[in-house]
Amino acid sequence: MCRNIKPLYNFEPETTSQEVHDAALQYVRKVSGMNKPSQANAEAFEHAVAEIAHATEHLLAELVTSAPPKDREVEREKARARAARRFPDPVAS
């Protein structure tokens, strides 16, 4: 799993099209092994990003849950706390 792709479902405020596009871009970069495609591959690369973003938006629209939406800021703070435990600051020690 690409660590740069974050969960997008069941958040308040809702996931934006830009977030979906960014996740699709990260996915295509990961599976293609290219951070930036050559000119010969640029059209196929962008087409793949658009198709994956489109499919992702449909998926997010069709999913259902009874769980309350997660707060983005609370989830961000949890991620920071996890990162701080995993990667302690060597200067602060």
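User: In this predicted model, what makes the meeting of the E19 and R72 side chains a salt bridge?

Analyst: The N to O separation between the side chains of E19 and R72 is 3.2 Å, and a side-chain nitrogen of Lys or Arg within 4 Å of a carboxyl oxygen of Asp or Glu is what the term requires, so the pair qualifies. The two partners belong to distant parts of the chain, with E19 in helix 1 (residues 17-32) and R72 in helix 3 (residues 72-86), 53 residues apart.

User: Why is R72 called buried, and what is E19 called?

Analyst: R72 has a relative accessible area of 16%, and buried means under 20%, so R72 counts as buried. E19 has a value of 26%, which falls in between the 20% limit for buried and the 50% limit for exposed, and therefore E19 is partly exposed.

User: Which residues is R72 in contact with, once its neighbours within four places in sequence are left aside?

Analyst: R72 is then in contact with F11, E12, P13, E14, T15 and E19. One of these, P13, offers its backbone oxygen to the side chain of R72 at 2.9 Å; P13 is located in the loop between strand 1 (11-12) and helix 1, and the peptide bond that joins E12 to P13 is cis, with omega about -5°.

User: How do you know that E73 forms a salt bridge with R80?

Analyst: The closest N and O atoms of E73 and R80 are 4.0 Å apart, and the cut-off is within 4 Å, so the pair is accepted as a salt bridge at the value given. E73 also meets R76 in a salt bridge, at 2.7 Å from N to O, and R76 and E73 both lie in helix 3, three residues apart, about one turn of the helix.

User: Which residues are joined into one network by salt bridges that share partners, starting from the E73 and R80 pair?

Analyst: The salt bridge of E73 with R80 belongs to a network in which shared partners join E73, R76, E77 and R80. A search of the whole structure finds five salt bridges.

User: Why are E73, R76 and R80 called partly exposed?

Analyst: The relative accessibility is 40% for E73, 39% for R76 and 46% for R80. Partly exposed is the range between under 20% for buried and over 50% for exposed, so each of these three values earns that description.

User: What makes K70 count as a charge over the ring of F11?

Analyst: The charged end of K70 sits over the ring of F11, 4.9 Å from its centre, and the distance part of the test asks for NZ of Lys within 6 Å of the ring centre, so the distance is satisfied. As for pairs of aromatic rings, a search of the whole structure finds zero.

User: Is S66 buried or exposed, and why?

Analyst: S66 has a relative accessible area of 78%, and exposed means over 50%, so S66 is exposed. S66 lies in the loop between helix 2 (39-62) and strand 2 (70-71). S66 and N10 are 56 residues apart in sequence and 9.9 Å apart in space, C-alpha to C-alpha.

User: Is N10 buried or exposed, and why?

Analyst: At 18% relative accessibility, N10 falls under the 20% limit, so N10 counts as buried. N10 lies in the segment before strand 1 and has a positive phi of about 65° although it is not a glycine.

User: What makes the side chains of Q18 and D22 a polar contact?

Analyst: The distance between the side chains of Q18 and D22 is 2.7 Å, and the limit for such a pair of N or O atoms is within 3.5 Å, so the distance fits the term. Q18 is found in helix 1, and its C-alpha is 29 Å from that of R86, the two residues being 68 apart in sequence.

User: Which residues make up the largest nonpolar core?

Analyst: This core has eleven residues, namely I5, L8, V20, A23, A24, L25, V28, F45, V49, A53 and L60. Helix 1 and helix 2 are the elements that give two or more residues to the core, and the largest share, five residues, comes from helix 1. Leaving aside its neighbours within four places in sequence, A24 is in contact with V49, I52 and A53.

Key. Residues numbered from 1 in each chain as written. Predicted model: local features only at pLDDT ≥ 70, side-chain atom pairs only at ≥ 80, totals over all residues. Heavy atoms only, no water. Phe/Tyr/Trp six-rings, centres within 6.5 Å; stacked < 30°, edge-to-face > 60°. Lys NZ or Arg CZ within 6 Å of the ring centre and 35° of its normal. Helix = DSSP H or I, 4+ residues; strand = E, 2+ residues; numbered from the N terminus. Buried < 20%, exposed > 50% of the residue type's maximum accessible area, 1.4 Å probe, protein only. Polar contact = N/O pair within 3.5 Å; in protein donor to acceptor, adjacent residues only side chain to side chain. Contact = heavy atoms within 4.5 Å. Core = buried A, V, L, I, M, F, W, Y, C linked by side-chain atoms within 4.5 Å.
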